[in-house]
Structure formats: C-alpha cells, structure tokens
Amino acid sequence: MAVRPPSPRNLVHFLKIMKRATANPLYGHPSLWSGRFPFTINGSLAVFRRFQSARVGVQEVGDDAESHRVVDFPGGKIAFTPRMNFLSESPEKRVPCYRVLDDHGYLMEGASFEKDFQMEKDTAVKIYESMVTLQIMDTIFYEAQRQGRISFYLTSMGEEAINIATAAALSPNDVVLPQYREQGILLWRGFTLEEFANQLFGTKEDYGKGRQMPIHYGSNKLNFLTVSSPIATQLPQAVGVAYSLKMDNKDACAVAFSGDGATSEGDFHAGMNFAAVMEAPVMFICRNNGWAISTPVTQQFRSDGVVVKGQAYGMRSIRVDGNDVLAVYNAVRVAREIVIKEQKPILLEALTYRVGHHSTSDDSTKYRSINEIKHWENTRSPLSRFRKWIQNNGWWTDTAETELQGSVRKQVLKAIQGAEKAEKPDVRELFTDVYDEVPLNLQQQEKSLRESINKYPQDFPSGIPR
C-alpha cells in the first residue's frame, strides 16, 4: 500500500499517517519510501529535512512548465502556475446573440431553423395572432388607466416575442414564475380577456378576490404563480419549485422570468447559485430590455450583459435576440429539453427593448429620447418582423390583419364593460384565506372597517358588498 505522508510542517497529522502505515508488512522497506517524500526514515523515527516545496496532494501531470502540478482541491483539481495573471474584467469580444430572422423577416444566412425546428403554419399563425392580441390588450388597458377606470397598468410593448414565443415552446405542465411583463404566457395558455379584466378591476370573479393591485395575475389551473411586486423574489422560489418537480420525477421544469434590474438584487445571485449547486431543472429567462425603470444597463452592471453571469455560477447560458420569434422559440425549446433531460439549470438572456413606459406611474421621455423609442418601435418591432415572415410564407394577408385587430378590440372593450358592471368582493374577503379560523384581532378590524364604511360612505367606492 503506497502511503503519501503529509507535509513535515504538520507533525501531528504525519504521525497519524505513520501509525496507519505500520500495519503494512512493507513498512520500513526502502523501496516503499525511496525517492517519494522529502524526508528519510531511520528505524521508527522520521528525520525531516528541508525540501523546495511541500507536496501534500500535489501530483505531477505532465511536462508543461506552467501546469506540471495540480492540487486536488475540494471541488476539483486545479493546476498551479508560476506566472501571476489577473483575469480580465471582460473578454475581448462580447458574447454573440443568437438570431434567426433579420429585420426584414428573412432567414439569416446559415440559419438552420427550418431544417432543425420546423414551425407549422397553425403554430406560426397562432403565435402572431396572440402577439397582436397582447399588444391591443395592453394598449386599451393602458388607456383605461389613463381614464381613471383602473388604478395601475404595465405593458409588455416591444417584448411580445419573448412572451408568446416562450409560451409556445414550453409545455403547459411547466411552472411559470413571472416578474410582471409575462401576461402573454397566460394569454397563450388560455387566460381569457374577461379574466384579465376581472383582475384589473378587482371584481368578485377575480381569483385574488380584489386583494392584489392590478396586473398581479395568477392561475393555479395554468401553472402560473401569482405576480409579486418585490423584484427577484421569484428566482430562489423557482429553484424550490424545480427541485420539487425533480423529486417527483415530473417531465416538466420551472421557468422564472426577470428583468435586467433584477440582477442587482441578492435574490438573483442566491437563486442562480442555489439552482446550480442543487442541479434544479429551472430555466432563468432574463428580459434585458435596456432599462430598469430609469436606470440604463450601463449603470446596472459592468459585465457583458447578463449571459456571462450563468458561467460564473456553473450553468449553461445563451444570449438570444428577444425580438426574433423564431430565435426565442428555438432557444427556449432546446433549453427546455436540456433542463429536463440533464436536470440542470440554464440561463437565457433575451435582448429586447421596452418600448412602453415602465408603468403608468412612469414617463420614460424624462430619461430617454423619443427618437430612441420610435426607432425600436418602428424599425425593430417583433410583430412587424414576424408578420413579414408569415406573409412571405403565404400564411397571412392584410385582410386577415384588419379583421383580427377589429375583432380583438371589440373583445377587449366588451371585457372591460363587463368588469366595470361586475359585483365587487365582499369586505370580509380582506380577512379570509390566511387563518382557518379568523382570530379575534382580525374580527375587530373587520368590525371597525364596516363601521367606518357606514359612517363615511362618501369616502369609499360605491357598490362594495357590506
């Protein structure tokens, strides 16, 4: 049995090794020790002598002058080098962005989309119709807020491709943990315009019973966790969801969305590291739209965007043109296969641009030029690019476009009218769904609220069931 003794600097540890070695019949034989260690043996005593370097766990691996020895460090072997070299803060070349369609709706030279991932006509048309529906829905609901009919709204204008193409590439069994611009995922999975309106207007039919602010959608049936306002909290939660899917051997993954601003939150880094270490089947999709409200990405991080952060945590990553439906669809589809097959996380950075204001509480013209907004809205629109592609294939016409837009607009307005007339949740719903039996302090609060409503009815919305 070959025994590698410890460094002579650690006598206690060495003596323990020697004690175990005495059980070997060859103990004391010169052939066992000769030429191997930086000390000589005389009987039962070890006489230490100086050597050029301690060699605990160090192995010779070749003739390369710079990496001829490695240390078997916890986590893997690491080569030594006599040259001091600081890693560059960024690579010389930025990570390229995966793209399939050019700005004119034609396949880029070398694109293998049609060969590897053929998209049927029905799927392509449904994707485009959903993108148009999402844009019209966003426009009308935004206008409704400006008219004072709802209190808040937030659009996904300019980011429709990420919403719909991702939804098309996923399975309905995949669990989505949104940030707050993923209403297109719900739309694709069957969330009706009436359900959107019920949430925004806080009607009795709202699944949140009117307790959430507008755009905080959620659906158990559609595997879409409820939107929460705090940034990035959904990321470590997604790892837990993914790990539960792994434990149950489900043929599904968790998909967590975030924006570029979320990378400045601790939960982003905790979630990434947690996922990589636990090998959780989760896909992180970061919508890098250039702006975290008024903070540009140049003030958000110094790294090459978000994609490089995946490698730092030990997971695969890819940068995708978020305004290219085919690229997003292709990348998400392949990423999902890898995540489920290998049971490991993936980070996908989708480069896009937030054409709309951050929300109805924001005026983005205060911190970016109108020309910049119009350039992205007109020249790099994901809808116009994908429309050109389906028209080039003979799958879409101007007549179909006119009919679709008119039909969707009528449906959205009808949903709004219905929600405005719908009954509101009862006041008691403010105090339910937390405790099995409502505690005394909440009973007292409910009583006090009802008394205030009756005493000062002018200060409360009309039509509230009391």
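**Figure 1. Phe386 and Trp389, two buried aromatic residues of the predicted model.** Both Phe386 and Trp389 are buried in this predicted model. The two residues belong to helix H13, which covers residues 382-392. They are 3 residues apart, about one turn of the helix. An α-helix has 3.6 residues a turn, so residues three or four places apart point the same way. How are the rings of Phe386 and Trp389 arranged, stacked or edge-to-face? Their centres are 5.6 Å apart and their planes meet at 25°; because planes under 30 degrees apart count as stacked, this pair is stacked.

**Figure 2. Trp389 and Trp395, an edge-to-face pair.** The ring of Trp389 also pairs with the ring of Trp395. Here the centres are 5.6 Å apart and the planes stand at 90°, so the arrangement is edge-to-face. The relative accessibility of Trp389 is 5%, and this residue therefore counts as buried. Trp395 has a relative accessible area of 23% and is partly exposed.

**Figure 3. Aromatic rings elsewhere in the structure.** How many aromatic pairs does a search of the whole structure find? The search finds 10. One aromatic cluster is formed by Phe191, Phe196, Tyr207 and Tyr217. Aromatic rings also appear together with charged groups in two further places, described next. The charged end of Lys126 sits over the ring of Trp188, at 4.2 Å from the ring centre. Likewise, the charged end of Arg380 sits over the ring of Trp376, with 5.5 Å to the ring centre.

**Figure 4. The surroundings of Leu101, a buried loop residue.** Leu101 lies in the loop that connects strand E5 (76-79) with helix H3 (113-116). Its relative accessible area is 0%, and Leu101 is buried. Which residues does Leu101 contact, leaving aside its neighbours within four places in sequence? The contacts are Tyr106, Leu107, Met108, Asp324, Leu326, Arg385, Phe386 and Trp389. Phe386 and Trp389, the stacked pair of helix H13, are thus among the residues in contact with Leu101. Leu101 and Lys388 are 287 residues apart in sequence, while their C-alpha atoms are 10.0 Å apart in space.

**Figure 5. Helix H11, residues 325-342.** Helix H11 contains 18 residues. From its first C-alpha to its last it reaches 26 Å, close to the 26 Å expected at 1.5 Å a residue. At the start of H11, a side-chain oxygen of Asp324 comes to within 3.1 Å of the backbone nitrogen of Leu326. Which residues of H11 are buried? They are Val325, Leu326, Ala327, Val328, Tyr329, Asn330, Ala331, Val332, Ala335, Arg336, Val339 and Ile340. The residue that follows H11 is Gln343, and its phi is positive, near 55°.

**Figure 6. Ala327, a buried residue of helix H11.** Ala327 has its place in helix H11. The relative accessible area of Ala327 is 0%, and the residue is buried. Not counting residues up to four places away in sequence, Ala327 touches Tyr98, Arg99, Val100, Val320 and Asp321. Ala327 and Ile162 are 165 residues apart along the chain, and their C-alpha atoms are separated by 9.7 Å.

**Figure 7. Lys209 and Ile293, two loop residues with positive phi.** Lys209 is not a glycine, although its phi is positive at about 55°. Lys209 is located in the loop between helix H7 (193-201) and helix H8 (234-247). With a relative accessible area of 27%, Lys209 is partly exposed. Ile293, also not a glycine, has a positive phi of about 55°. Its loop runs between strand E9 (291-292) and strand E10 (295-296). Ile293 has a relative accessible area of 41% and is partly exposed.

**Figure 8. The protein chain as a whole, the setting of the close-up views.** The secondary structure comprises 15 helices and 12 strands. The protein chain has 466 residues, of which 44% count as buried. About 25,500 Å² of the chain is exposed, and carbon and sulfur atoms supply 51% of this area. Among contacts with a separation of 6 or more, 68% are between residues 24 or more positions apart.

Notes
Residues numbered from 1 in each chain as written. Predicted model: local features only at pLDDT ≥ 70, side-chain atom pairs only at ≥ 80, totals over all residues. Heavy atoms only, no water. Phe/Tyr/Trp six-rings, centres within 6.5 Å; stacked < 30°, edge-to-face > 60°. Helix = DSSP H or I, 4+ residues; strand = E, 2+ residues; numbered from the N terminus. Buried < 20%, exposed > 50% of the residue type's maximum accessible area, 1.4 Å probe, protein only. Lys NZ or Arg CZ within 6 Å of the ring centre and 35° of its normal. Contact = heavy atoms within 4.5 Å. Areas by Shrake-Rupley, 256 points an atom, 1.4 Å probe, with all protein chains shown as cover. Expected span 1.5 Å × (residues − 1). Polar contact = N/O pair within 3.5 Å; in protein donor to acceptor, adjacent residues only side chain to side chain.
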